[in-house]
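Please look through the sequence and the structure below, and then follow the explanation with the model in view.

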Amino acid sequence: MFNFLKDSLEKTAAAIKTVAPKKKITFTKEELENILLEADVEYRLVEIIINEIYQDVVTREILRAKLLATMAWMRYIEPKFTPPFVELIVGVNGAGKTTTIAKLATKYKNEGKKVLLGAGDTFRAAAIEQLTLWAKKVDIPIVASKQGHDSSAVAFDTIDSAKSRGFDHVIIDTAGRLHTQTNLANELKKIKRICEKAHEGAPHRTILIVDGTQGNSAIAQAQAFNEMIGIDGIIITKLDGTAKGGSVFSIAYALEIPILYIGTGEKAENLMPFNKYEFIDAMLDVIFDVDTKK
Ligand SMILES: Nc1nc2c(ncn2[C@@H]2O[C@H](COP(=O)(O)OP(=O)(O)OP(=O)(O)O)[C@@H](O)[C@H]2O)c(=O)[nH]1
Ligand SMILES: [Mg+2]
């Protein structure tokens with residue numbers, strides 16, 4: 001697991017190497033500032049971290065404490081619910097929603113749960129086919145209609161069917177883009193309302209999928225979705241393909257929405273629960289050398 005995380009941070013490590021060619025036991029504040037900026041920690045957060053360090057030389061322990069502080073609040077509490085647990089997956093187009101749904105569904109299935117998917121992206125051509133293909137591949141049932149049909153109706157039918165057939169978990173895909181932003185906001189709000197009508201407390205969790213290759217520009221996007229429909233958790237995808245691993249800290253710090261998982265590849269099993277301690281340690285391993293004097 002830990003090595004996997006290390007591999008995902010490979011490109012971030014390469015970016016850091018351009019300003020800090022060698023790992024060391026300590027860095028000056030100035031060196032550290034450049035390292036954090038190169039890893040794509042957002043400028044304002046870098047300033048906060050650096051300004052709060054009072055020592056001239058920065059050790060791994062000092063930086064670890066500062067990085068942990070950016071995520072100090074992070075804790076996800078699962079709401080009480082009567083099965084099925086309904087998850088709504090939202091995010092801009094191409095962020096990785098459909099792929100992540102397949103990953104989540106595989107995970108739940110492996111935990112012994114009965115999962116039903118809802119193909120709620122009825123806007124984009126081929127979106128339904130894409131999720132249907134994934135469903136076949138990971139052998140999980142799906143409720144789908146035709147392109148152009150009402151996505152709220154798909155959400156309702158999926159939840160209704162899951163209830164009557166005794167499913168534990170429902171995951172609903174949504175469109176990443178409609179003709180206008182207002183259309184998208186209205187559609188997502190409607191889906192949310194209809195979920196609640198179909199099953200008490202649903203959606204129990206609305207997850208925003210964030211494309212990790214976008215780095216800090218994802219913050220404004222996430223804020224917009226949060227204002228639109230309220231986000232309970234974030235999944236950051238494509239961390240394997242980006243040098244912007246440090247933006248995870250800025251996203252966490254700016255939004256104060258728990259990061260639940262990270263996507264580390266295109267396969268169904270490439271999803272890792274986000275553990276702030278593991279992530280921070282993997283990042284520190286990229287920067288610091290082992291202190292052999294200890
Ligand atoms: N390397 C890598 N690629 C990923 C990851 N997650 C998704 N992808 C790829 O990103 C691309 C877009 O993923 P989709 O799941 O189709 O994204 P989407 O949000 O459903 O897109 P729309 O349906 O167009 O809104 C695909 O080529 C995926 O294989 C990841 O964690 N790592
Ligand atoms: Mg999709």
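In this predicted model, strand β4, which covers residues 115-118, pairs with strand β5 in the parallel sense, and the two are joined over two bridges. One of the residues to look for here is Gly 118, whose bridge partner in β5 is Val 143.

These two strands belong to a wider arrangement, an open sheet of eight strands with mixed pairing, which can be read across in the order β5-β4-β6-β3-β7-β8-β9-β10. Strand β5, made of residues 142-143, and strand β10 are the edge strands of this sheet, and each of them pairs on one side only. A helix also lies against the sheet: α10, residues 218-229, packs on it and touches β3 (85-90), β7 (205-211) and β8. The direction of α10 makes about 160 degrees with the direction of β7.

Moving along the sheet towards its other edge, we come to strand β8, residues 233-237, which pairs with β9 in the parallel sense over three bridges. Within this pair, Ile 235 stands opposite Tyr 261 of β9. To pass from β8 to β9 the chain goes through helix α11, residues 247-255, and the β-α-β crossover that results is right-handed.

How many of the five residues of strand β9 are buried? The strand, which runs over residues 259-263, is mostly covered, with four of its five residues buried. Besides its pairing with β8, strand β9 pairs with β10, residues 271-273, but here the sense is antiparallel, again over three bridges. Tyr 261, already met as the residue opposite Ile 235, also stands opposite Pro 273 in β10.

It remains to place the sheet within the whole protein. The domain assignment gives domain 1, built from two stretches, 2-74 and 280-287, and domain 2, which spans 85-275. The C-alpha centres of these two domains lie 31 Å apart, and the contact between them takes 20 residues from domain 1 and 18 residues from domain 2.

Which helices supply the side of domain 1 that touches domain 2? Helices α1 (2-8), α2 (10-17) and α5 (60-70) each supply at least two residues of this side, and the largest share, four residues, comes from α2. When the residues on this side of domain 1 are sorted by class, 14 are nonpolar, three are polar and three are charged.

Terms used
Residues numbered from 1 in each chain as written. Chains lettered and ligands numbered in written order. Predicted model: local features only at pLDDT ≥ 70, side-chain atom pairs only at ≥ 80, totals over all residues. Buried ≥ 20, exposed ≤ 12 C-beta atoms within 10 Å, placed from the backbone. Pairing = 2+ DSSP bridges. Right-handed = clockwise from strand over helix to strand, strands pointing away. Domains from an automatic or database assignment. Contact = placed C-beta atoms within 7 Å. Nonpolar A, V, L, I, M, F, W, Y, C, P; charged D, E, K, R; others polar. Axes fitted to C-alpha atoms, helices over the stretch in contact; angles between N-to-C directions.
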